[in-house]
Amino acid sequence: MRIKNTLGLLVSLALSVGFSQTTLAQDFQNMNKERLSFYAEGGNAEAQVYLGHKYYLIQDYSEAFKWFKKAAEQRDMYAQYNLGVMYYRGEGVKQNYKQAFVWVKKAAEQGYKQAQFMIGHMYSTGEGIKKNYEQAFMWLKKAAEQGHKDAQSDIGTMYYAGEGIKQNYEQAFIWLKKAAEHGDTWAQYGLAGMYYYGQGVTKDLTKAREYWTLSCNQGHKNACENLKQLSSQ
């Protein structure tokens, strides 16, 4: 199964409940570390996330980990995700896939789509948890339904291959098309193939050429090769 490795550390700038866009919460992103520390040490979870982010950007991973953990323990889902990523990468702490899974799953259960995508990835690879394609599909679908293009591409792939779900070319086509329209080169490549062979959709060589061209333009070598072969027919 083709799961992308796009587990970059993300710190959302969404405001916490109880703050308006004209109050202190909006100002955290512009505060220096010293000012942020005042609020973070006072227990403000959002300030702790922003402070952790500032330390992460200067590669002080131990301090970043410390502040993300404080916020994560207050159920801040972005901190939970970031803490999990640091456990996954071994940044500021010894690498531990099991702990990565525990913390990222907490964020996923709160609806954070990037965390849902990562949990799906971990179930598919067996990192930190026993490999389970059915669970991988479930979590990836949650992220896909929130517009996560990599998850949409992976859900399409799983429907196509019948991994974690009964094979269904029509559903594969639907999800690959969503991802392709968001610019996913793998989805564009796969969608072109479905148009070419008439899988889940009426055969259409013009559409196959269109999507292989889009994929080729993004550097997908197999798409470029298929375009050459199509042109020679």
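Me: How much accessible surface does the chain have, in Å²?
Reply: Keep in mind that this is a predicted model, and the number is computed from it. Carbon and sulfur atoms account for 47% of the accessible surface. The total for the chain comes to about 11500 Å².

Me: And what percentage of the residues count as buried?
Reply: A residue counts as buried when its relative accessible area is under 20%. The chain has 233 residues to sort that way. The buried share of them is 46%.

Me: What is the secondary structure made of, and how many helices are there?
Reply: Reading along the sequence, you meet one α after another: α-α-α-α-α-α-α-α-α-α-α-α-α. The count of strands is zero. The count of helices is 13.

Me: What share of the contacts with a separation of 6 or more comes from residues 24 or more positions apart?
Reply: Start with the contacts in the chain whose separation is 6 or more. Then pick out those between residues 24 or more positions apart. Their share is 47%.

Me: Which residue does Gly92 have 32 residues away along the chain, with the C-alpha atoms 7.8 Å apart?
Reply: Look in the loop between α3 (45-57) and α4. The residue there is partly exposed, with a relative accessible area of 28%. Its C-alpha atom is separated from that of Gly92 by 7.8 Å. The residue is Asp60.

Me: How many salt bridges does the structure hold?
Reply: For a pair to count, a side-chain nitrogen of Lys or Arg has to be within 4 Å of a carboxyl oxygen of Asp or Glu. Glu63 with Lys66 is one of the pairs, and Arg89 with Glu91 is another. The total is seven.

Me: Which residue forms a salt bridge with Glu63?
Reply: Glu63 sits in helix α4 (residues 61-72), and its partner is three residues away in that helix, so about one helical turn separates them. Glu63 is partly exposed at 24%, and the partner is partly exposed too, at 34%. The closest N and O atoms are 3.3 Å apart. The partner is Lys66.

Me: Is Glu91, the salt-bridge partner of Arg89, buried or exposed?
Reply: The closest N and O atoms of Arg89 and Glu91 are 3.9 Å apart. Arg89 has 36% relative accessibility and counts as partly exposed. For Glu91 the value is 13%, and since buried means under 20%, Glu91 counts as buried.

Me: How far apart are the N and O atoms where Lys141 and Glu145 meet in a salt bridge?
Reply: Both residues lie in helix α8 (residues 133-145), four residues apart, which is about one turn of the helix. Lys141 is partly exposed at 23%, whereas Glu145 counts as exposed at 52%. Their side chains meet with an N to O distance of 2.6 Å.

Me: Where is Gln199, and which side chain does the side chain of Gln199 make a polar contact with?
Reply: Gln199 is in the loop between α11 (185-197) and α12 (205-217). With a relative accessible area of 16%, Gln199 is buried. Leaving out residues up to four places away in sequence, Gln199 touches Tyr160, Tyr169, Gly193 and Met194. The polar contact, at 2.8 Å, is with the side chain of Tyr160.

Key. Residues are numbered from 1 along each chain as its sequence is written. This is a predicted model: local features need pLDDT of at least 70, side-chain atom pairs count only at pLDDT 80 or more; totals for chains, interfaces and linings use all residues. Side-chain values use heavy atoms; hydrogens and water are left out. Helices (H or I, at least four residues) and strands (E, at least two) are DSSP runs, numbered from the N terminus. Buried means under 20% relative accessible area, exposed over 50%, partly exposed in between (1.4 Å probe, protein chains only). A polar contact is a pair of N or O atoms within 3.5 Å; within protein, one must be able to donate a hydrogen and the other to accept it, and residues adjacent in sequence count only if both atoms are side-chain atoms. Contact means heavy atoms within 4.5 Å. Accessible areas come from the Shrake-Rupley method with a 1.4 Å probe; for residues, only the protein chains shown count as cover.
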